[in-house]
Structure formats: structure tokens, C-alpha cells
Amino acid sequence: MNYVGTRGFAGDKTFAGALLDGLAPDGGLYVPAEWPTPGFDLSGDYGTLTQNLLTLFGVDVLGADAVKAAAERTRAAFLRDGEVPLTQLADNLWMLELWHGPTLAFKDMAMQMMAPLTDAALKQRNETLTLVTATSGDTGAAAVRAFAGSERVRLVVFHPLGRVSPVQRLQMTTVQADNVLNVGVEGDFDDCQAIVKALLGDQSLKQNGLISSVNSINWGRLLGQVPYYLAAAAASGADKPDFVVPTGNFGDAFAGWVARRIGGNVGKLHAAVNQNDALNQAINEGRYIRRQAVESASVSMDVQAPSNFERLVYEASGRNAATTKALFDTFNATGAVTLSPELQAALKAEVTASTVNEAQTAEAIAHAYKAYGQVICPHTAVSLSAALERGLDHPQIVLSTAHAAKFPDFVTKALGFAPKVPDAIQALYGQPEKITELKNDRVAALDLVKGFAAA
Ligand SMILES: *Cc1c(COP(=O)(O)O)cnc(C)c1O
């Protein structure tokens, strides 16, 4: 299985090449050159299922040991007491908890898989890699925990100093591994992103070896999220359950699309977004418009230009790279595109969407406790609210993407009491922290990363 780009790149990239590149050479995103025909073997436990899936998508170019190691790590992050973490809430309604990994949020699933695969790909080429990433919290924590101790990767994470939650900070800074550098920038998240963008474009850094990012456009991250759709659908016992996905960059929802595309027992996919609803407007109104993101309770979904939307457009347009390129070129240049009626209808046939506001998010948190005895996080509440709005006449599985204790302020307000703090979080307090403080200055950031990459 080889990989092509959504904007016309048609070279023969293997999985390893797509993983290390991140972005395709055409400026688009990597997708499989063709989809495997349905008939995929769904039997076996989660580890076996994941291994088979990885092999199906050409990950075996990295060797059977790498496939096995990646499947094992993602299995360990997924299971709850050795079982698929699916809870039935009501008739036709289930919740899948994706936060039993090291940072108690679903990004662990992708990162735990990506780390051993990246190491294996670098080993094959006898290369090392510097990964740089900006984070508002969850992504950085999951990356630090996954890549700590990695043999060939040095990871630099930029977070806005004093502006991530204490739990998110501790999950990053209490890791003592030599190959991880946590940088607190005197600025906001956008400043961190601007620094990372500058670093990725810097020629002098490229001369020192490979440099890349762990953002959600990477195909390797996406693949780690496909197996749980298959496992959850099987565990529910339902025929083609719909999945309601709390959506930011649309990586998780697109993984669900992949699960269905390869013949999984998956019904409709529904993307639930917060007040940052560019995706909902594109699908339901045919206008894709970039606006300034505003802060919501479901902060990891505060995204106004969802990166993986491009993969959906490519597929919905019948894998038309010219259409895809034209659409995203216009969007990048002007910040707004009107979709053709045909494309909009095709998108809607693949994925439905709805918006959940802040008040509805709080209501869903209260309802989940009252009706089902569940304490849920704001992201999960967005998907639950959307699922209840759709109605319970068809089986639905709601994805739960983080532990409520990661977002104590909003949850406490909605519930009237504080969510119980799990041992994994409690244990972080009082541990020594490793953090480098940095002025909001690109030159200083470049010096810092160069020194770290060479060390
Ligand atoms: C990242 C994140 C999401 C959104 O996932 P996407 O793949 O970006 O759509 C939802 N919930 C939580 C807790 C997250 O960290």
C-alpha cells in the first residue's frame, strides 16, 4: 500500500515516507493510493485487530516487530480493566471512553502508536528527527508521554507559559527524559504556533537533520484511531451504530470514516462541534469560512480551519485532486469558499454535523450525571448533547475524549460538585518539574532548538 497527496502528488510514498513527511509534497495531506477492499478480518482482541489493520495499511514496511510494538502500546492505552471501555447509557445509546491512557485524553491513542513507528522508520533510514510542536495542553502532554525515552527523536514542546491548566502542565513537565524539552513561552498559543511555523521553515535547522511536527495532519496519527471504531461497534452488538464524535481538527471523525470505508460495522458519522463551527457551516450551508477561534469549555475543539476536512473533501469529490486543490488554495488565500451544490451534497452524504453551544454543553454534563450517573468532560458533553438532539430511535455511540478532572472548573460549575481526581493526576503534584522559560522571540527559540538538537 502506497500513499498519494490530496492535491495531486502521485509518487510512490510508503507508509514510512508519509509518516516522516507529515505534509505531502503537493501541500496537501497523505491518503492511501487506494482503499483496501472490504472483507477485513475483525476477529481477535484489540491488539490483534490493530496489528491486522496496520498491516492492511502498509505499516509492515517497518517490520513485524514495529507493528507489534505499536499495537501493544495503543492497546494498553485503550483498554479499561482489560476490556473495551464501552458503557451502555440507555436504549440505543452507548459511550466509548477513550481516556484510559497516560494523559487521560484520547490523543494518547494516536501518540502512543506514532512514537514506536517513528522510531522504527528512523532506524531503517539511520536518521534522527527533531519534532517541534505547539500546544494548548492535550497534544503536548500526549506527545511528551509517548515520545519520552524514544531513541531517535528529540521532542520540543512550546506551550504558553502560565496559560495551560496545572494538570496539563504537570503532565508535560514532570517527565524527566533527556530527549524532551518543555518550553514555556511568554505569550499565547498563537505565539507558540508562530514560533513552530518559523522553526519548520528554517533552512539552517533543516541542514542539521530531519525536523517535523506531530500535528494532526499526520497519517500515522490518524491510523491509531481507526481500531476503536471497529472494536466499539462489535462490543455494542448493534447493527451499524452511528458514531457521534466531538470534533476539532476532524482527525477523529475521519478515522471513523476510514473504519466504515474498509467495511466496518459503522453507520452514520456525526461531527459535533462547539461554537467554533466552520465545519458545520461548510457541511450544512455550503460555505467554508475562516473566523477567529473563540475560547470554549471544550477547549481542545476550538478550531476554525479543521485540517482533516481536506481529506473528506478529497473523498467526497470522488478523489478529485484538482477540485481539492482549488478549494483549499482559495480558502488559504481568501479565508472563504462557497462549495458547489454537488460537493456539499456529497459531503453531507458522508458526514453530518451540528453545533452545541456552551449552555447546552453545561446541560449535558448535568444530564449525564442525573440520568446515567456519569461525570463527563465538556468535549464529551458536546457529543452527548448532539446525540440526544438526534434522538434515540437508532443505535448511537458517543465518543468520550477526556477525563472530567482535566477540566475541573467548568465541570464543577455544571454539576455543583468537583469531579473526583484520579490517582494518575494526584500523583503529579509535588513531583519535580522540568521547564525552560523563553521570551516570545523566534531567534531565541531557534538557538534553543539548535542547541537541544545537537546535544
Ligand atoms: C483533540 C481533542 C478533540 C478533537 O479531536 P479532533 O481529532 O481534533 O477532531 C476532542 N476532545 C479532546 C479531549 C481532544 O483533546
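Q: Buried means under 20% relative accessible area, exposed means over 50%, and partly exposed lies in between. Why is Cys-192 called buried in this predicted model?
A: The relative accessible area of Cys-192 is 0%. Buried requires a value under 20%, so Cys-192 is buried.

Q: What makes Cys-377 count as buried?
A: Cys-377 has 0% relative accessibility. The limit is under 20%, and Cys-377 therefore counts as buried.

Q: How many disulfides does a search of the whole structure find?
A: The search finds zero disulfides. A disulfide needs a pair of cysteine sulfur atoms within 2.5 Å.

Q: How many helices and strands does the protein chain have, and why is the chain called as compact as a globular protein of its length?
A: There are 20 helices and 15 strands. The radius of gyration is 21 Å, and the globule rule gives 23 Å for 455 residues; the two values are close, so the chain is as compact as a globular protein of that length. The C-alpha trace spans about 60 × 50 × 45 Å along its principal axes. Of the 455 residues, 57% count as buried.

Q: Which residues are closest to the ligand?
A: The closest are Lys-107, Gly-248, Asn-249, Asp-252 and Thr-401, among 15 residues that surround the ligand. By class, this shell holds five nonpolar, seven polar and three charged residues.

Q: What makes the approach of the Lys-107 side chain to the ligand a polar contact?
A: A side-chain N or O atom of Lys-107 is 2.6 Å from an oxygen atom of the ligand. A polar contact is a pair of N or O atoms within 3.5 Å, so this pair qualifies.

Q: How do you know that the backbone of Gly-248 and the backbone of Phe-250 make polar contacts with the ligand?
A: For Gly-248, a backbone N or O atom lies 2.8 Å from a ligand oxygen atom. For Phe-250, a polar backbone atom is 3.0 Å from an oxygen atom of the ligand. The limit is 3.5 Å, so both pairs are polar contacts. The protein covers 97% of the 380 Å² of accessible area that the ligand has on its own.

Q: Why does Asp-252 count as buried, and where is this residue?
A: Asp-252 is in helix H11, residues 251–261. The relative accessibility of Asp-252 is 6%, and buried means under 20%, so Asp-252 counts as buried. Leu-23 is 229 residues from Asp-252 in sequence and 18 Å away in space, C-alpha to C-alpha.

Q: Why is Ser-296 called buried, and what contact does its side chain make?
A: Ser-296 has a relative accessible area of 6%. This is set against the limit of under 20%, so Ser-296 is buried. The residue lies in the loop between strand E11 (287–289) and helix H13 (309–316). Its side chain makes a polar contact of 3.1 Å with the side chain of Gln-275.

Q: What makes H13 mostly covered?
A: Eight of its eight residues are buried. They are Phe-309, Glu-310, Arg-311, Leu-312, Val-313, Tyr-314, Glu-315 and Ala-316. H13 is followed by Gly-318, which has a positive phi near 75 degrees.

Q: Leu-104 or Lys-240: why is one called buried and the other partly exposed?
A: Leu-104 has a relative accessible area of 9%. With the limit at under 20%, Leu-104 is therefore buried. Lys-240 has 41%. Partly exposed is what falls between the 20% and 50% limits, so Lys-240 is partly exposed. Leu-104 sits in the loop between strand E4 (93–97) and helix H4 (107–125), and Lys-240 in the loop between helix H10 (227–236) and strand E9 (242–246). Phi is positive in Leu-104, near 60 degrees, and positive in Lys-240, near 45 degrees.

Q: Why do Ala-231 and Pro-116 count as buried?
A: Ala-231, in helix H10, has 11% relative accessibility. Pro-116, in helix H4, has 14%. Buried means under 20%, so both residues count as buried. Ala-231 is 186 residues from Asp-45 in sequence and 8.6 Å from it in space, C-alpha to C-alpha. Pro-116 and Ser-150 are 34 residues apart in sequence, and their C-alpha atoms are 7.7 Å apart.

Key. Residues numbered from 1 in each chain as written. Predicted model: local features only at pLDDT ≥ 70, side-chain atom pairs only at ≥ 80, totals over all residues. Heavy atoms only, no water. Near = heavy atom within 4 Å. Polar contact = N/O pair within 3.5 Å; in protein donor to acceptor, adjacent residues only side chain to side chain. Areas by Shrake-Rupley, 256 points an atom, 1.4 Å probe, with all protein chains shown as cover. Nonpolar A, V, L, I, M, F, W, Y, C, P; charged D, E, K, R; others polar. Buried < 20%, exposed > 50% of the residue type's maximum accessible area, 1.4 Å probe, protein only. Helix = DSSP H or I, 4+ residues; strand = E, 2+ residues; numbered from the N terminus. Rg over C-alpha atoms; globule rule 2.2 N^0.38 Å.
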